[in-house]
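Ready for a few warm-up exercises on a protein model? Work through each task yourself, then check the steps below it.

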Amino acid sequence: MKKAFKVIGIILLILLVIVVSVTFFVLQYPNLKKNPTVGKWYRVTGREMKTSEGGKYRAFFKKGSENKVMVYFAGGGVSINEETARDDTYNTKEIFIDKLANVTMNMGGLASEVEGSPFENWSMILFPYATGDFHAGMGEFHYTDKDGREKILYHNGYVNYTQTMQKVMELADMKNPEAVVVTGYSAGGFATALLSDDIFTNYFPNAESKNVLVDASLLLHDDWQTIAADVWQAPKEISDKLTGNNLTLDCLTALHKKYGDDIHLLFDCSTRDGDLAKVQNYFDTGVMDVTEKEADIYQQILRDTIPKFKEIDVSLFIWDGVAWYDDPRNMTAHTIIATPAVWLPFEEQKQSVAGWITDAINGRLRDYGLDLVDKQY
């Protein structure tokens with residue numbers, strides 16, 4: 001019996017060694033180095049990079065064989081006050097295993113290694129989300145948790161983003177790409193709106209094709225500027241852009257004013273986004289819940305915003321049905337660019353979101369699905 005236990009123990013030890021080896025040598029990426037290998041993923045770290053809980057933060061980078069770049073911001077909620085700092089309303093830490101963290105925020109979508117993707121050979125700079133600040137903060141938010149303990153939420157998104165971009169530019173020779181797409185979903189879509197000017201001003205000013213795609217990021221709040229300046233402590237040049245209650249519209253308007261026809265602005269969203277309707281209800285009433293009534297309200301917000309987007313030449317793709325989403329409350333799915341649905345043509349639009357983006361990069365800007373905002377559900 002003792003011999004059998006000894007054999008089992010040896011087998012378990014071998015399995016443990018295998019698991020540890022796979023985790024650290026296969027599923028974990030190496031740190032970014034000078035002249036990175038084309039097609040290989042790297043992690044990007046820095047001393048000042050951290051999550052909202054003060055843990056280590058890392059971004060991901062892959063050098064492509066084409067002289068084109070995608071900057072991609074992951075989503076995951078938002079913290080705007082002490083209540084949302086206390087509650088589980090945003091991602092507070094990163095997934096430990098690099099490859100799993102990458103796959104989790106790229107579930108077969110735009111930045112995934114999908115064979116035949118038009119972005120297959122692009123360089124990729126990926127930002128996981130763990131700071132609650134739309135990747136735009138530089139401050140410490142002090143609050144009291146549910147047990148009465150004093151805590152700090154590190155709104156460190158802008159620091160993480162800046163250190164990553166600086167390292168990539170220094171080590172990977174990324175100075176003059178032909179085309180750049182800045183994109184993100186949900187909280188990452190808001191980051192796209194907030195940070196695109198910073199990206200094109202400080203890192204890729206000479207890109208021939210400048211493209212900004214905001215995916216499923218539209219929420220109204222009367223105090224966006226105060227939240228950005230005082231809660232997240234975002235840079236002043238970012239918070240100053242927020243002059244109204246529509247963060248996305250304010251940022252895209254500023255981009256249109258600065259770059260004019262030299263930039264392609266894109267926005268996509270489903271008609272009755274259940275997750276955005278839920279957060280909008282919290283902003284309006286203080287209740288983090290959603291019913292069909294809130295979906296109606298969100299559809300109206302989208303309907304009212306579309307003409308304002310068109311005034312600043314934003315190309316739009318509005319959609320509703322996707323095969324994997326079925327909500328009996330007449331709501332529609334939240335985000336698309338991180339999912340395989342991004343590649344699939346919609347029946348009504350006769351176009352996929354990926355095809356729409358690819359056309360825009362090449363200067364062919366079109367709208368799809370605008371009539372859906374008037375659809376009765």
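**Exercise 1.** Find how much accessible surface the protein chain has, and what share of it belongs to carbon and sulfur atoms.

*Solution.* Keep in mind that this is a predicted model. The accessible surface of the chain adds up to about 17100 Å². Carbon and sulfur atoms hold 52% of that. As for what's tucked away, buried residues make up 55% of the 377 residues.

**Exercise 2.** Decide whether the protein chain is as compact as a globular protein of its length.

*Solution.* Start with the parts list: the chain has eleven helices and ten strands. Next, take the radius of gyration, 21 Å, and set it beside the 21 Å that the globule rule gives for 377 residues; the two are close, so the chain is as compact as a globular protein of that length. The C-alpha atoms fill a box of roughly 75 × 50 × 45 Å along the principal axes. Finally, look at who touches whom: of the contacts with a separation of 6 or more, 74% are between residues 24 or more positions apart.

**Exercise 3.** Check the span of helix H4 (residues 157–172) against what you'd expect at 1.5 Å a residue.

*Solution.* H4 has 16 residues, so at 1.5 Å a residue it should span 22 Å. Its end C-alpha atoms are 22 Å apart, which agrees. Now for cover: 13 of the 16 residues in H4 are buried. Right after H4 comes aspartate 173, with a positive phi near 55°.

**Exercise 4.** Work out which elements the buried residues of helix H8 pack against.

*Solution.* First locate H8: it runs over residues 247–259. Then pick out its buried residues, including Leu247, Leu252, His256 and Tyr259. Their packing partners are helices H5, H6 and H10, along with strands E8, E9 and E10. Past the end of H8 sits glycine 260, whose phi is positive, near 55°.

**Exercise 5.** Is histidine 155 buried or exposed, and what does its side chain reach?

*Solution.* Histidine 155 lies in strand E6 (residues 150–155). Its relative accessibility is 0%, and buried means under 20%, so histidine 155 counts as buried. Its side chain reaches the backbone oxygen of threonine 131 at 2.9 Å. Leaving out neighbours within four places in sequence, histidine 155 has contacts that include Ser79, Gly137 and Trp232.

**Exercise 6.** Find the residues that isoleucine 238 contacts beyond its neighbours within four places in sequence.

*Solution.* Isoleucine 238 is in helix H7 (residues 236–239). At 3% relative accessibility, isoleucine 238 counts as buried. The contacts you're after are Tyr158, Leu194 and Leu195.

Terms used: Residues numbered from 1 in each chain as written. Predicted model: local features only at pLDDT ≥ 70, side-chain atom pairs only at ≥ 80, totals over all residues. Heavy atoms only, no water. Helix = DSSP H or I, 4+ residues; strand = E, 2+ residues; numbered from the N terminus. Expected span 1.5 Å × (residues − 1). Buried < 20%, exposed > 50% of the residue type's maximum accessible area, 1.4 Å probe, protein only. Contact = heavy atoms within 4.5 Å. Polar contact = N/O pair within 3.5 Å; in protein donor to acceptor, adjacent residues only side chain to side chain. Rg over C-alpha atoms; globule rule 2.2 N^0.38 Å. Areas by Shrake-Rupley, 256 points an atom, 1.4 Å probe, with all protein chains shown as cover.
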